[in-house]
Every structure is written in C-alpha cells, then in structure tokens.
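Me: I would like a close look at one single part of this structure, with enclosed space as the topic. Please go through it slowly, and explain the terms as you use them.

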Amino acid sequence: MGSVSDSSCLNKAVRQQYLNLPQRDKCQVTYIWIDGTGEGLRNKTRTLDCEPQTVEDIPEWNFDGSSTYQAEGSNSDMYLIPVAMFRDPFTLDPNKLVLCEVLKYNRLPAETNHRHRCKKVMEEVRERCIWFGMEQEYTLLGMDRHPFGWPKNGYPGPQGPYYCGVGADNAYGRDIVECHYKACLYAGVKICGTNAEVMPSQWEFQVGPCEGIDMGDHLWVARFLLHRVCEDFGVIATLDPKPMVGNWNGAGCHTNVSTREMREEGGLQVIEEAIEKLSKNHNKHIKEYDPRGGKDNMRRLTGLHETSSIHDFSAGVANRGASIRIPRQVGQDGRGYFEDRRPAANCDPYAVTRVIATTCLLVPEEDEEKE
C-alpha cells in the first residue's frame, strides 16, 4: 500500500468537534483559482456577514501572485473575480466554494485565465446550444509517488481485470472515489458517473452535460474537490497523462460534443461536417489539449493503449483507437454527439471547449489554420 500523509492520520473526531460548532450567522467562502502553471489549484477562505444567494453577492478579493507563479514580487497583487458558486461539502451549509477568474494588476486576464476567452466564444455560439461532457481520468498515488495499492517493489498483474472491476485485488482506493462523488453531488457539480479504469489505481469521473462555459467551471471545481478529498485520505491524485511508462494505459479527458443540430433529425451529417473541420485543424487542437502545447500528450498519444497517434487524425464508429469516436448508438440513430479522445487528463477544459467550438461553429475551415 502506498504511503499516506501524516496529516491524514490526525484524529478526525477532534476535527469534527470543532466543525460542529455554530457559526453565529456568519458564512465561510473559499475562493478557488488556477495558478500560473495552468494545472495547479489554489484556495483561501474569508468570512462574510451573511450567506450569499448568488455569485454576485460575493466580493472580489486579491492574492499574492508572486507566490503562485503569476506575478513579480514588486507588483504582486492580483484580483480574484468570483464567477461560479457551489456549496461547500467540507464545512457544509451555509458555507460556499467560489471559482474565480484571475486578473492582473491592470485588470487584464492572467496568462492562465483561459476562461476569459472561452466565455466570449460561448457567447457567440449561444444559439447553437453546444453541450459538452468530459471524462476525467486520474491516478491515485501514495506520498512516495508510487501508484496507490501497487506492490512496493514490483508491479501488479497486467491490465485486464481492473476496468470497472470489483474486489480488493482489482479496485484500489474506492473509498476516495465514492467520497468524491458525494462531495460533487452536495456541491452542485454536474457529475454524472464514475468507474475504475484500465490501469490499477486509475479512475475516471464524468461531468456533464454542461452547456457552454459551465463545462469548464464544473470540471475545475470537480478537480478541486478530488484533490481536497484525497488530502483527507492522505494520498495524491495526479492528472499526468502517462504516469507509468510501459504497458500501462495513460490518462485522458475525453470530450463529448453535441450541438442542437447534431441532436436533431439528420444530425449525423452535421457531426460528420464537424469532424471534417476538426481533421483540417489537428495540429492546432493538439497544442490546446495539454498545458505544454502537446508535449505531455506525446507521451500518451502513441497509437497504443486505446489512443490514436498524435501525428495523425482519424475518426470512426465505436473506435477507441481513433482521434474522434462516433458512438455506435449515434451511428444507428443518425444523430447525437461525437467524442474527441485527444485531450490529455491535465488539459484546461476552457481551452479545449473553446477551440472545439471555434473550429466547429465559428471559423471557416480554409481560414482557421491562419489564425
């Protein structure tokens, strides 16, 4: 079993004694934001005099950007702009979690604030009613960075029995998965499912369907809740796209996409037209599908382990080795959605949904590569 953190071994009954104390009509609000790595999440908490009813009731705040890879020490204050509010499953009602955009000292978006651009695109395509569903894969690690539950000096049996498996020899860390699921439901995150993945100690949860900008908001908060639940259990959740070299599956964030036209009669033709546009912009999308412009995905998109090659674009019905998969039921019904299997587990959902919406709905295919 992987090593766990010291803090997870503290007496939780003592903690609960304090959590049960009344708050005297005060409300704790935890501000959450994306740091300068484009992957890390930060948070801090303040007291409000009453429970906010909407996100507009929560004031702007600031933080030290020089400590989050986002500013120089000589000009370090950055703004936190609340954009989405959720219930807090850790300190319970009336307390809140609030996701924030980050603005620099001049109130321009920080470099890793991809939400700002994404929201503009989603406003442009609002009438198309674009829905997303994202499948977030992740791997549980001990504090020693070794996969949770793996033998200390070796490897578990080969892949085969772990996907959607049951039993102590097949499912590693289910307690964490179930607590995360409940935390998401309590918070109001649109989580719609979960399952054990192909590699042991690897899991997946799905968020959606979400329309437009909500997809990024709900996935980022679901990620925060995952890391926070793992903190209580003393383990680490990594979104690394290829956490273990060798004959082991990597971790992606498959993105399901559907517009109103795709869901209507004859929608399969609209899906095929969108896929044609995606095929002409493969390299542009690869650059947006992980935080390092495709370098992370190079380790994962090898053409093996249920992936396509990063160098080629492909599409097919029920083909999990393709860039784009059309589910078999969609092929039979002639309408529905498609699945982009290229985004890495550590992608920014704002960047992914923005570039998909732009390619499929806004920019003429002959001009898009010139942007």
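Reply: In this predicted model, the largest cavity (a set of points on a 1 Å grid over the protein atoms alone where a 1.4 Å probe fits but cannot get out, lined by residues with an atom within 4 Å of a point) has a lining made up of Ile 34, Gln 70, Leu 99, Cys 100, Glu 101, Val 102, Ala 110, Thr 112, Asn 113, His 114, Arg 115 and Tyr 350. Residues are numbered from 1 along each chain as its sequence is written, and totals for linings use all residues, whereas local features need pLDDT of at least 70 and side-chain atom pairs pLDDT 80 or more. Side-chain values use heavy atoms, without hydrogens or water.

The space in the largest cavity comes to about 90 Å³, a volume being what is filled by probe spheres set on the grid points, which are joined across faces, edges and corners. Strand 5 (residues 96-103), a DSSP run of E with at least two residues, numbered from the N terminus, gives the most to this lining, namely four residues. By class, the lining of the largest cavity holds six nonpolar residues, four polar and two charged; Ala, Val, Leu, Ile, Met, Phe, Trp, Tyr, Cys and Pro count as nonpolar, Asp, Glu, Lys and Arg as charged, and the others, Gly among them, as polar.

For context, there are two cavities of 30 Å³ or more, and the second largest has a volume of about 30 Å³. Among the residues that line the second largest cavity are Tyr 162, Tyr 172, Glu 197 and Trp 203, and its lining divides into seven nonpolar, three polar and one charged.

Definitions and conventions
1 Å grid on protein atoms, 1.4 Å probe; cavity = no way out; pocket = protein on both sides within 12 Å on 5 of 7 lines; lining within 4 Å.
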